Amino acid sequence: AGVFAAGDAVTGTAFVIDAVASGHKCGNAVHRFLRGEDMDVLEPRDNRVAHIPTEELQQKIRTGKIKFAARINESEIPIDQRKNDFAEVQAGLTLEQAMTEAKRCLSCGICSECNTCVTECGVGAINLNMSGKVHNLDVGAVVLAPGFKTYHADITQEFGLGRFPNVVTSLQYERLLSASGPT
């Protein structure tokens, strides 16, 4: 009781959307646990599946809206160089390769409008009819979960790095939390 897990820790390697959905389910379970509610709740699931007619797909191929491109594979350290250490085997993608791969995956533009993204979100963060709004919130804390590489927020100015005193990089944030200083 009181131990919760989600994502790849539960299922093993899977798709990101499965990890997100698992995280939402786990968060709901934690919420029920902390409130002393019934833990054996089956969450409803909408299993709508969209069907895109073949003619529509062929039309998008003819007009260039769908473009086929080969997947870019991660480079790996050769076996003879990795057998005597614990270095990461897959070297990942370069920035250019990652951008090319993202364009390959996202350039198809065939949103089937099945609204699965709306139902899978589960917290109402996706509203397909929403227009822009500004909300000011007073919060006591913000928790960040940075990745293993520093995100260069100065490239994307919309986050306000350098303009707002309370916007910091992951490295600055880590230093602020450090027991040995500076704060």
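Let's start with a small meeting point in this predicted model: Ser-22 touches Ala-6 and Gly-7, leaving aside residues up to four places away in sequence. Ser-22 is found in helix α2, and helix α2 also supplies one ring of an aromatic pair and a member of a nonpolar surface patch. The points below begin with Ser-22, move along to its helix mates, and end with the chain as a whole.

**Around Ser-22**

- Ser-22 has a relative accessible area of 19%, and because buried means under 20%, this residue counts as buried.
- A polar atom of the Ser-22 side chain lies 2.9 Å from the backbone nitrogen of Gly-7.
- Gly-7 is therefore both one of the residues that Ser-22 touches and the partner in that 2.9 Å approach, which is within the 3.5 Å used for a polar contact.

**The aromatic pair**

- How many aromatic pairs does a search of the whole structure find? The search finds one.
- That pair is formed by Phe-4 and Phe-33, with ring centres 5.4 Å apart and planes at 70 degrees, so the arrangement is edge-to-face.
- The two rings link distant parts of the chain: Phe-4 sits in the segment before α1 (8–11), Phe-33 sits in helix α2, and 29 residues separate them.
- Phe-4 is partly exposed, at 29% relative accessible area.
- Phe-33 also counts as partly exposed, with a relative accessibility of 35%.

**A nonpolar patch on the surface**

- Phe-15, Val-16, Ile-17 and Val-20 together make a nonpolar surface patch of about 430 Å².
- Val-16 lies in helix α2, which covers residues 16–34.
- Is Val-16 buried or exposed? With 67% relative accessibility, Val-16 counts as exposed, since the cut-off for that class is over 50%.

**The chain as a whole**

- The chain holds seven helices and two strands.
- Following the sequence, their order is α-α-α-β-α-β-α-α-α.
- Of the chain's 183 residues, 11% count as buried, and Ser-22 is one of the buried residues.
- Among contacts in the chain with a separation of 6 or more, 41% are between residues 24 or more positions apart.
- The chain has an accessible surface of about 15600 Å², and carbon and sulfur atoms account for 58% of that surface.

How values were computed: Residues are numbered from 1 along each chain as its sequence is written. This is a predicted model: local features need pLDDT of at least 70, side-chain atom pairs count only at pLDDT 80 or more; totals for chains, interfaces and linings use all residues. Side-chain values use heavy atoms; hydrogens and water are left out. Patches are made of residues with over 30% relative accessible area and no salt bridge: like charges are joined within 9 Å, nonpolar side chains (Val, Leu, Ile, Met, Phe, Trp, Tyr) within 5 Å. Accessible areas come from the Shrake-Rupley method with a 1.4 Å probe; for residues, only the protein chains shown count as cover. A salt bridge is a side-chain nitrogen of Lys or Arg within 4 Å of a carboxyl oxygen of Asp or Glu. Helices (H or I, at least four residues) and strands (E, at least two) are DSSP runs, numbered from the N terminus. Buried means under 20% relative accessible area, exposed over 50%, partly exposed in between (1.4 Å probe, protein chains only). Rings of Phe, Tyr and Trp (its six-membered ring) pair if their centres lie within 6.5 Å; planes under 30 degrees apart count as stacked, over 60 as edge-to-face and the rest as tilted. Contact means heavy atoms within 4.5 Å. A polar contact is a pair of N or O atoms within 3.5 Å; within protein, one must be able to donate a hydrogen and the other to accept it, and residues adjacent in sequence count only if both atoms are side-chain atoms.
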